[in-house]
Amino acid sequence: MARNRRLILSPPSEVWRLLSDGHRYGEWVTGTQQVLAADPHWPEVGARLKVRVGAGPLTLDDTCVVRVCEPRHRLELEAKADPFGAARIAMKLIPWGEHTLFTLDWHPLRGPGTRMHGLPVDYIVAVRNGMMLTKLARIAVRERAPSATRV
């Protein structure tokens with residue numbers, strides 16, 4: 001399992017607002033080239049997000065399904081990318097003063113990823129997820145700034 005943590009200098013409600021907009025995942029999820037579709041009831045349990053992932057001309061279409069949703073606290077997705085299998089992505093938002101301690105756990109569920117699971121793969125995924133959380137944190141802080149100056 002790859003595990004990442006990041007202190008985001010925005011409250012959980014602001015971070016949750018970003019997670020709740022399926023069309024914005026391409027802005028912060030590393031490797032996403034395009035959000036193809038987001039169910040209107042995203043992120044309710046069972047909602048789907050279809051994305052195109054890859055680098056350059058090498059792409060594949062991925063579907064994320066919400067498996068657990070506790071608004072402003074927890075979101076768990078099952079990401080399916082055939083023929084590579086599926087992975088569990090668990091996100092938690094923990095209030096930390098005025099900010100959010102964001103944790104992200106990634107674990108393969110089925111397919112070839114389960115056989116390659118271990119230190120080298122987990123390290124690569126942790127680096128990718130670290131970049132992803134940096135992007136998410138920057139967006140959350142940038143979008144919080146205008147409302148903070150109006151107070």
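In this predicted model, V66 counts as buried, because its relative accessibility is 0%, where the cut-off for burial is under 20%. The residue belongs to strand β4, which runs over residues 58-70. Its surroundings can be read from its contacts. Neighbours within four places in sequence being set aside, V66 is in contact with W42, P43, E44, V45, G46 and A47, and also with L75, E76 and L77. Burial of V66 does not bring every part of the chain to its side: L7, 59 residues away in sequence, has its C-alpha atom 24 Å from that of V66.

Several of these contacts lead to the loop between β2 and β3. P43 is placed in this loop, with β2 covering residues 32-38 and β3 covering residues 48-55. The backbone has a notable feature here: the peptide bond from W42 to P43 is cis, and its omega is near 5°. As a general matter, most peptide bonds are trans. Both W42 and P43 appear among the contacts of V66, so that the cis bond joins two residues that touch a buried residue of β4.

G46 is found in the loop between β2 and β3 as well. With a relative accessible area of 35%, G46 is partly exposed, a class that lies between the cut-offs of 20% and 50%. Apart from residues up to four places away in sequence, G46 touches D39, H41, V65 and V66. Towards the end of β4, C69 is 23 residues from G46 in sequence, and the two C-alpha atoms are 9.5 Å apart.

H41 is another residue of the loop between β2 and β3. It counts as partly exposed, because its relative accessibility is 33%. Residues up to four places away in sequence not being counted, H41 touches G46 and A47. A further spatial relation points back towards the N terminus: S20 is 21 residues from H41 along the chain, with 9.3 Å between their C-alpha atoms.

On the other side of the sequence from V66, the contacts include E76, which has its place in strand β5. Which residues does E76 touch, beyond those up to four places away in sequence? They are V65, V66, R67 and V68, together with R88, I89 and A90. E76 counts as buried, because its relative accessibility is 9%. P43 is 33 residues from E76 in sequence, while their C-alpha atoms are 9.6 Å apart.

Strands β4 and β5 are joined by a loop that holds R72, β5 covering residues 74-80. R72 has a positive phi of about 70°, although it is not a glycine. Most residues other than glycine have a negative phi. R72 is partly exposed, as its relative accessible area of 45% shows.

The wider architecture places these residues in context. The chain contains 4 helices and 7 strands, and their order from the N terminus is β-α-α-β-β-β-β-β-β-α-α. The UniProt record, an unreviewed entry, annotates residues 11-110 as "domain: Activator of Hsp90 ATPase homologue 1/2-like C-terminal". Over that range the chain is 12% helix and 58% strand, and the C-alpha atoms at the two ends are separated by 34 Å.

Overall dimensions complete the description. The radius of gyration is 15 Å, which agrees with the value near 15 Å that a compact globule of 151 residues would have. Along the principal axes, the C-alpha trace spans about 50 × 35 × 30 Å. Of the 151 residues, 40% are buried. Among contacts between residues at least 6 apart in sequence, 44% join residues at least 24 apart. The accessible surface comes to about 8,300 Å², and carbon and sulfur atoms account for 58% of it. The chain carries 22 positive and 15 negative charges, whose mean positions are 3 Å apart.

Methods:
Residues are numbered from 1 along each chain as its sequence is written. This is a predicted model: local features need pLDDT of at least 70, side-chain atom pairs count only at pLDDT 80 or more; totals for chains, interfaces and linings use all residues. Side-chain values use heavy atoms; hydrogens and water are left out. The radius of gyration is taken over C-alpha atoms; the globule rule is 2.2 Å times the number of residues to the power 0.38. Buried means under 20% relative accessible area, exposed over 50%, partly exposed in between (1.4 Å probe, protein chains only). Contact means heavy atoms within 4.5 Å. Accessible areas come from the Shrake-Rupley method with a 1.4 Å probe; for residues, only the protein chains shown count as cover. Lys and Arg count as positive and Asp and Glu as negative; His and the chain ends are not counted. The place of a charge is taken as NZ of Lys, CZ of Arg, CG of Asp or CD of Glu. UniProt positions are given in the numbering used here, feature names are shortened, and annotations may be inferred rather than shown by experiment.
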